[in-house]
Amino acid sequence: MTAPTPEQAPAAPTGQIDAVERRGDRVFSRVAVGAGTAILVALAAVAVFLIAQSLPALWAPEGSFRGTDGNFWDYVAPLAFGTVWAAALALLMAVPLAVGIALFISHYAPRRLAQPLGYIIDLLAAVPSVVYGLWGITVLAPATVPLYEWLAENAGWFPLFAGPASGTGRTVLTVAIVLAVMVLPIITALCREVFVQTPTLHQEAAYALGATWWEMVRMTVFPYARSGIISASMLGLGRALGETMAVAMVLSPSAIISFAVIQSENPSTIAANIALNFPESAGIQVNALIATGLVLFVITLVVNSVARWIVSRHERSLESR
């Protein structure tokens, strides 16, 4: 039997495998690219529409807008302030509670309790906003009146609780509580998923070093899940910034800028102002409402961009360690 010639000898393995692109991979890739492109096109179309319809309001003379004698920026300033202020208060209440619930479900509660509790939290996200608004105006607002009166009498020296207290409970603080309940399931569900993904080896190493349960969470879970917590919080903030019906039903709005949270006069939000005034608006008033929508669009875009920057910076710091 003759030995194979050099031309017939098998080639030496190079360590590289030539990937064969299948038709399903090509279809999936094109569908994914098309979906991403469609999102960008839709976002650009919305931005173009808002800008085009907002120009008449931006160039309108002073006194053309309902509720103010100034220009458009005087009209939108209280609305933008109220939007950010109510959402910030809601996030301040919701994030610590959501993180605590997520930690309890993922690292402390027994399985027979953790699963039903997780289902209940997830079901809260399916409740329509109008139901939260009805609960806020019929149950929560009257129940908070004694608390607001007590705060005005005993903590009125603090600017946030300056009196006189509202007699109906329809204040920005009540709205913030409603918004906090609405964004709580979103933040809790995302934080729970991130906490569960914490490497078990890291947690066991912390226990082996003699760490307590809280020290283990502080040294391993929180550093690993920090970017996830920030992302969940920003997602909840986006929900709070754009909420319409619950705010429109509960809040007693005024065209003011005030940090007091228990008074009867409160700054409104952009979304609630559009919902309440659009049916009876015409002409330049419609353009003004669309222009306030453009302001809300920019605020949401800035908030999401800042969140992405914080998350990417945190990820780069983890990779450099």
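Where along the chain is the place of Q285? In this predicted model, Q285 belongs to helix 10, the helix that runs over residues 284-320. Before returning to that residue, it helps to look at the chain as a whole.

The protein chain holds 10 helices and two strands, and a reader who follows the sequence meets them in the order α-α-α-α-α-α-α-α-β-β-α-α, with the two strands coming after eight helices and before the final two. The C-alpha atoms fill a box of roughly 105 × 55 × 35 Å when it is laid along the principal axes. The radius of gyration of the protein chain is 27 Å, whereas a compact globule of 321 residues would have one near 20 Å.

Of the 321 residues in the protein chain, 40% are buried, and the accessible surface amounts to about 18,400 Å², with carbon and sulfur atoms accounting for 67% of that area. When contacts between residues at least 6 apart in sequence are considered, 78% of them join residues that are at least 24 apart. The protein chain carries 16 positive and 18 negative charges, and the mean positions of these two sets lie 9 Å apart.

The UniProt record adds a layer of annotation. An unreviewed entry there gives residues 80-307 as "domain: ABC transmembrane type-1", and in the model this stretch is 75% helix and 2% strand, with its end C-alpha atoms 19 Å apart. Under "transmembrane region", UniProt (unreviewed entry) lists residues 31-55, 75-105, 117-141, 171-191, 240-262 and 282-311. Two of these listed spans can be set side by side in the model. Residues 171-191 are 95% helix and 0% strand, and the C-alpha atoms at the ends of this span lie 30 Å apart; residues 240-262, by contrast, are 39% helix and 9% strand, with end C-alpha atoms that lie 19 Å apart.

Single residues give a more local view, and the loops offer two examples. S252 is found in the loop that links helix 8 (245-250) to strand 1 (253-254), and it counts as partly exposed because its relative accessibility is 27%, a value that falls between the limits of 20% and 50%. Apart from neighbours within four places in sequence, S252 is in contact with R170, S264 and N266. Its separation from E193 is 37 Å from C-alpha to C-alpha, the two residues being 59 apart in sequence.

A165 sits in another loop, the one between helix 4 (129-154) and helix 5 (172-196). With a relative accessibility of 24%, A165 is also classed as partly exposed. Once neighbours within four places in sequence are set aside, the residues in contact with A165 are Y148, E149, A152 and I262. The C-alpha atoms of A165 and A260 are separated by 9.7 Å, although these residues are 95 apart along the chain.

Is Q285, back in helix 10, buried or exposed? Q285 is buried, since its relative accessible area is 14%, and buried means under 20%. Which residues is Q285 in contact with, leaving aside neighbours within four places in sequence? They are S64, F65 and R66.

Conventions
Residues are numbered from 1 along each chain as its sequence is written. This is a predicted model: local features need pLDDT of at least 70, side-chain atom pairs count only at pLDDT 80 or more; totals for chains, interfaces and linings use all residues. Side-chain values use heavy atoms; hydrogens and water are left out. Helices (H or I, at least four residues) and strands (E, at least two) are DSSP runs, numbered from the N terminus. The radius of gyration is taken over C-alpha atoms; the globule rule is 2.2 Å times the number of residues to the power 0.38. Buried means under 20% relative accessible area, exposed over 50%, partly exposed in between (1.4 Å probe, protein chains only). Contact means heavy atoms within 4.5 Å. Accessible areas come from the Shrake-Rupley method with a 1.4 Å probe; for residues, only the protein chains shown count as cover. Lys and Arg count as positive and Asp and Glu as negative; His and the chain ends are not counted. The place of a charge is taken as NZ of Lys, CZ of Arg, CG of Asp or CD of Glu. UniProt positions are given in the numbering used here, feature names are shortened, and annotations may be inferred rather than shown by experiment.
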